[in-house]
Amino acid sequence: MTSRGILWKLRLLWLAFFDAKTPVGAKLILVVGLLYGVSPIDLIPDFLPLIGITDDIGLLLIVFLFFLRASKHVREQLALSVR
């Protein structure tokens, strides 16, 4: 995938986040997950080797995949209308 393709997909995600048809719950979970990811407060402290950062990465991955699934139809509609 080219950098242009990645930028296009990121633009669609950005537009989907601010689209009124994207479920509010998906937006809320994404924001809370991102805040947890950058927060210094963790369930498992980051100073523990490997385990500490694994919970952050796992949670961010789950949150991101959830948002992708919840916004799939919106992103498909946006892809057709934005091009």
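**Exercise 1. Work out which residues Thr22 touches once its neighbours within four places in sequence are set aside, and describe its setting in this predicted model.**

Step 1. Start with the contact list: leaving out neighbours up to four places away, Thr22 is in contact with Ala16, Lys27, Phe67, Ser71 and Val74.

Step 2. Place the residue. Thr22 sits in the loop that links helix 1 (3-18) to helix 2 (24-38).

Step 3. Check the exposure. Thr22 has a relative accessible area of 1%, and the cut-off for buried is under 20%, so Thr22 counts as buried.

Step 4. See what the polar side-chain atom is doing. A polar atom of the Thr22 side chain lies 2.5 Å from the backbone oxygen of Ala16. Ala16 is also on the contact list from step 1.

**Exercise 2. Find the residues of the largest nonpolar core and say which helices supply them.**

Step 1. List the members. The largest nonpolar core has 6 residues: Trp8, Leu12, Ala16, Val74, Leu78 and Ala79.

Step 2. Assign them to helices. At least two residues of this core come from helix 1, and at least two from helix 4 (72-82).

Step 3. Look for another core. There is one apart from it, made of 5 residues, including Ala26, Leu30, Val63 and Phe67.

Step 4. Zoom in on one member of the largest core. Not counting residues up to four places away in sequence, Leu12 touches Arg75, Leu78 and Ala79. Leu78 and Ala79 are themselves members of that core.

Step 5. Put this in context. In soluble globular proteins, nonpolar side chains tend to be buried together.

**Exercise 3. Decide how the buried residues of helix 4 are arranged around its axis.**

Step 1. Pick them out: Val74, Leu78 and Ala79 are the buried residues of helix 4.

Step 2. Look down the axis. The buried residues of helix 4 fall within an arc of 135°, so they line one face of the helix.

Step 3. Recall the geometry behind such patterns. An α-helix has 3.6 residues a turn, so residues three or four places apart point the same way.

Step 4. Turn to the other side of helix 4, where His73 and Leu80 are exposed.

**Exercise 4. Asp55 has no salt bridge; find the nearest side chain of opposite charge and then the residues that Asp55 does touch.**

Step 1. Locate Asp55: it lies in helix 3 (residues 51-70).

Step 2. Classify it. Asp55 has 15% relative accessibility, so it counts as buried.

Step 3. Search for a partner of opposite charge. The nearest such side chain is that of Arg69, 22 Å away.

Step 4. Collect the contacts. Setting aside neighbours within four places in sequence, Asp55 is in contact with Tyr36, Asp42, Leu43, Ile44 and Asp46.

Step 5. Look for polar contacts among side chains. Asp55 and Tyr36 are joined by one of 3.1 Å.

Step 6. Follow up on Asp42. Asp42 is in the loop between helix 2 and helix 3, and at 17% relative accessibility it counts as buried. Beyond four places in sequence, Asp42 touches Tyr36, Asp55 and Asp56. Tyr36 thus appears on the contact lists of both Asp55 and Asp42.

**Exercise 5. Sort Phe18 and Val32 by exposure, then add a C-alpha distance for each.**

Step 1. Take Phe18, in helix 1. Its relative accessible area is 54%, so Phe18 is exposed.

Step 2. Take Val32, in helix 2. Its relative accessible area is 49%, so Val32 is partly exposed. The dividing value is 50%.

Step 3. Add the distances. Phe18 and Gly37, 19 residues apart in sequence, have C-alpha atoms 21 Å apart. For Val32 and Leu61, 29 residues apart along the chain, the C-alpha separation is 13 Å.

Methods: Residues numbered from 1 in each chain as written. Predicted model: local features only at pLDDT ≥ 70, side-chain atom pairs only at ≥ 80, totals over all residues. Heavy atoms only, no water. Helix = DSSP H or I, 4+ residues; strand = E, 2+ residues; numbered from the N terminus. Buried < 20%, exposed > 50% of the residue type's maximum accessible area, 1.4 Å probe, protein only. Polar contact = N/O pair within 3.5 Å; in protein donor to acceptor, adjacent residues only side chain to side chain. Contact = heavy atoms within 4.5 Å. Core = buried A, V, L, I, M, F, W, Y, C linked by side-chain atoms within 4.5 Å. Arc of directions from axis to C-beta. Lys, Arg positive; Asp, Glu negative; His and termini not counted. Salt bridge = Lys/Arg side-chain N within 4 Å of Asp/Glu carboxyl O.
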